[in-house]
Amino acid sequence: MKSSRRRGFVLIAMSIAMLLMLAAIGLAFDLGRVYIARNEAQVFTDAAAMAAAAKLDGTAGGIEKARQAVARVPMRWNLGTKEFTGVVVEFSADGANWDQNPRDAGATMARVTAPLNEVEIVFLRAVGGPATFTVPAHAVAVSNPVRLTE
Amino acid sequence: MRREGGHAMLELAISAAVMVSFLAGTFQFGYTFYVYNELVTAIGNGGRYAAMRTYRGGSAEDIEKSKKAIRNMVAYGDAEPAEGAQPAVAHLSPDQVEVAWTMNEAGAPEYVAVSIREFTVDAVFKKFTFSGRPGVEFPFVGKYAPAEHEK
């Protein structure tokens, strides 16, 4: 009787220890990847916003060139293995009203958002964490001279 | 009684082996990710600096000086680091940073790419080597001064 009780205790202790261990591994592995993805996304949006702002020249052609410039930024995320998808490029003349297809071509600011960077959670999921964690990033750059403002 | 003691020793040996390997794995991945994140930050800072820095192309020596300043910015967070400055990422040296400009048809720089040539993270239990990453490419938005010389 005493022996079976002890066995039961070991099982419970082991289960708790495993959960704690998974949580510790999850903090190191999953959160580590989340932070990297966030950083990669921020650097990408910085470069993309500057690339877009550099093409703005007050014409509709400049807006189109800005979009193309963002599309050709070669950076990737998830330790440099995944392409950024769903990237949104918006333009503004005053920093308050943003539009992906502005009627007025006189935009002087470009805002790039990378909203869909979903990091797959491996270990934290086992202890009640989410299956994925999205780390969006955005940056704003102005033209003439080109510089980041956000 | 002796049997129970033997079992306990065996259980301890097995569970300790599992625990140690889990902890070692956690450390090596955690530390490697931490260093990689630091590298991304350093490369991002270097990329932004390179994008806005004046391109002085008076001679091959000037271009080399520009590269050196950008490499220093990545490695030390300072284009002209003081003697004995500590690197932004442990064991990162400016020589491990690659800098390259892409020129447009007129011969002026259009983009500048900054990346880690090769960097090994020593996570005690295992070493991870990153070649060519992390890397960034920024549009060149600085002043183009083909005839100027670096100080």
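User: What tells you how confident the predictor is in chain B?

Analyst: Chain B averages a pLDDT of 91, and 97% of its residues score at least 70. The scale of this score runs from 0 to 100. Keep in mind that what you see above is a predicted model. For the complex, the predictor gives an ipTM of 0.87 and a pTM of 0.89.

User: How do you know that chain A is in contact with chain B?

Analyst: The test is whether the C-beta atoms of two residues, placed from the backbone, lie within 7 Å. By that test, 25 residues of chain A are in contact with 21 residues of chain B. Helix H1 of chain A, residues 2–55, supplies the largest share of chain A's side, namely 17 residues. That side of chain A divides into 19 nonpolar residues, three polar ones and three charged ones.

User: Why is Ala28(A) called buried or exposed?

Analyst: Let's set the count against the cut-off. A residue is buried if 20 or more other C-beta atoms lie within 10 Å of its own. Ala28(A) has 22 such atoms within 10 Å, so Ala28(A) is buried. You will find Ala28(A) in helix H1 of chain A.

User: Which residues does Ala28(A) touch?

Analyst: Leaving out residues up to four places away in sequence, Ala28(A) touches Thr26(B), Phe29(B) and Gly30(B). For a sense of distance within chain A, look at Ala60(A): Ala28(A) and Ala60(A) are 32 residues apart along the chain, and their C-alpha atoms are separated by 47 Å.

User: How do you know how chain A compares with a compact globule?

Analyst: Compare two values of the radius of gyration. A compact globule of 150 residues would have one near 15 Å, but chain A has 23 Å. Chain A is therefore not described by the globule rule, which is 2.2 Å times the number of residues to the power 0.38. The C-alpha trace also spans about 85 × 25 × 20 Å along its principal axes. As for burial, 37% of the 150 residues of chain A count as buried.

User: What makes up the pattern of chain A?

Analyst: Chain A has two helices and eight strands. Read along the sequence, the pattern is α-α-β-β-β-β-β-β-β-β.

User: How do you know that S2(B) and S3(B) pair?

Analyst: Two strands pair if at least two bridges are found between them. Seven bridges join S2(B) to S3(B), which run antiparallel, so the condition is met. One of the partners to look for is Ile116(B) in S3(B), which is bridged to Val97(B). In the hairpin of these strands, with five residues between them, Gly107(B) takes a positive phi near 90°.

User: What about S3(B) and S6(B)?

Analyst: The reasoning carries over. Strand S3 of chain B, residues 109–116, pairs with S6(B) over five bridges in the antiparallel sense, and the cut-off is at least two. Tyr111(B) stands opposite Pro139(B) in S6(B).

User: Why do S2 and S6 of chain B stand at the edges?

Analyst: The open sheet has three strands in the order S2-S3-S6 in chain B, with antiparallel pairing. Strand S2 (97–103) and strand S6 (135–139) each have a single partner strand, so one side of each is left without a neighbour in the sheet. Neighbouring strands of this sheet are turned by 15° against each other on average, direction ignored.

User: Which strands does helix H2 of chain B lie across?

Analyst: Helix H2, residues 60–76 of chain B, lies across S2 and S3 of chain B, and runs at about 130° to S2(B).

Technical notes:
Residues are numbered from 1 along each chain as its sequence is written. Chains are lettered from A and ligands numbered from 1 in the order in which they are written. This is a predicted model: local features need pLDDT of at least 70, side-chain atom pairs count only at pLDDT 80 or more; totals for chains, interfaces and linings use all residues. Helices (H or I, at least four residues) and strands (E, at least two) are DSSP runs, numbered from the N terminus. Ala, Val, Leu, Ile, Met, Phe, Trp, Tyr, Cys and Pro count as nonpolar, Asp, Glu, Lys and Arg as charged, and the others, Gly among them, as polar. A residue is buried if 20 or more other C-beta atoms lie within 10 Å of its own, exposed if 12 or fewer, and partly exposed in between; C-beta atoms are placed from the backbone. Axes are lines fitted to C-alpha atoms, for helices over the stretch in contact, and angles run from 0 to 180 degrees between N-to-C directions.
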